[in-house]
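Okay, thanks for squeezing me in, everyone. I'll put the structure up and then talk through a few things in it.

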Amino acid sequence: MYFAIKMELPPLSTKIQRKWAINIGSVKIDVNSKDRAIETKYKALDSADGVRQLLGDYHALCERRYKGDYAASDVLIDLQTAIERAGLTDRQRQALRLVFVDDLTQTDAGIALGRLTGKQSSKQTVNRLIAVATAKIARVYEYWARHGEGYSLTVETEVVE
């Protein structure tokens, strides 16, 4: 059963009305701070280290996406597209999933990978698979950066002696 309650409020004085009108527009909220934080943290994904950092934050990005963060959604969509276009082998995909999505250690991922593929895998094998996979994914991001798709390139400075 639903009951409606109607309340009559006294009108506000003009002094209070003016105060409310002034204060409504003076709230300082940075609505783009999350976007800038993501842009600065994952600025250059054209290196295996940058991709590895992004994969390491996979769960945090998923959580931010579920809270309505569109920038996190964009990053995750681009990551999925980069993984699809990188030409990874099944073992490389499985190694990435086991370590970064399922949060297994590389030793445990090697055991699980051995069970999945029928080939015995060690921690070193998983490490190698992840290194090759992140390098391939980084090449996709590099391609996007060189073609103006919204990503930056890592700037390397040469030391001349």
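So, let's begin with α8. This is a predicted model, by the way. Helix α8 has 24 residues, and from first C-alpha to last it reaches 34 Å, close to the 34 Å you'd expect at 1.5 Å a residue. Just after α8 comes Gly148, with a positive phi of about 70°.

Now, what does α8 do for the packing? The largest nonpolar core has 31 residues, and the ones touching the most other members are Leu54, Leu88, Leu96, Val126, Ile130, Ile137 and Tyr141. Helices α3, α4, α5, α6, α7 and α8 each put in at least two residues, but α8 gives the most, with nine. If you want one example up close, take Val126: leaving out anything up to four places away in sequence, Val126 touches Ala95, Val99, Gln106, Ala109, Gly110 and Leu113.

Okay, aromatics. How many aromatic pairs does a search of the whole structure find? Just one. The partners are Tyr141 and Trp144: ring centres 5.3 Å apart, planes at 85°, and since anything over 60 counts as edge-to-face, that's what this pair is. Both residues sit in α8, three apart, so about one helical turn separates Tyr141 from Trp144. Buried or exposed, these two? Tyr141 is buried, and Trp144 is as well. And remember, Tyr141 was also on that list of core residues touching the most other members.

Last thing, over at another ring: the charged end of Arg65 sits over Tyr66, 4.7 Å from the ring centre.

That's me done, happy to take questions.

Definitions and conventions: Residues numbered from 1 in each chain as written. Predicted model: local features only at pLDDT ≥ 70, side-chain atom pairs only at ≥ 80, totals over all residues. Heavy atoms only, no water. Phe/Tyr/Trp six-rings, centres within 6.5 Å; stacked < 30°, edge-to-face > 60°. Helix = DSSP H or I, 4+ residues; strand = E, 2+ residues; numbered from the N terminus. Buried < 20%, exposed > 50% of the residue type's maximum accessible area, 1.4 Å probe, protein only. Lys NZ or Arg CZ within 6 Å of the ring centre and 35° of its normal. Expected span 1.5 Å × (residues − 1). Core = buried A, V, L, I, M, F, W, Y, C linked by side-chain atoms within 4.5 Å. Contact = heavy atoms within 4.5 Å.
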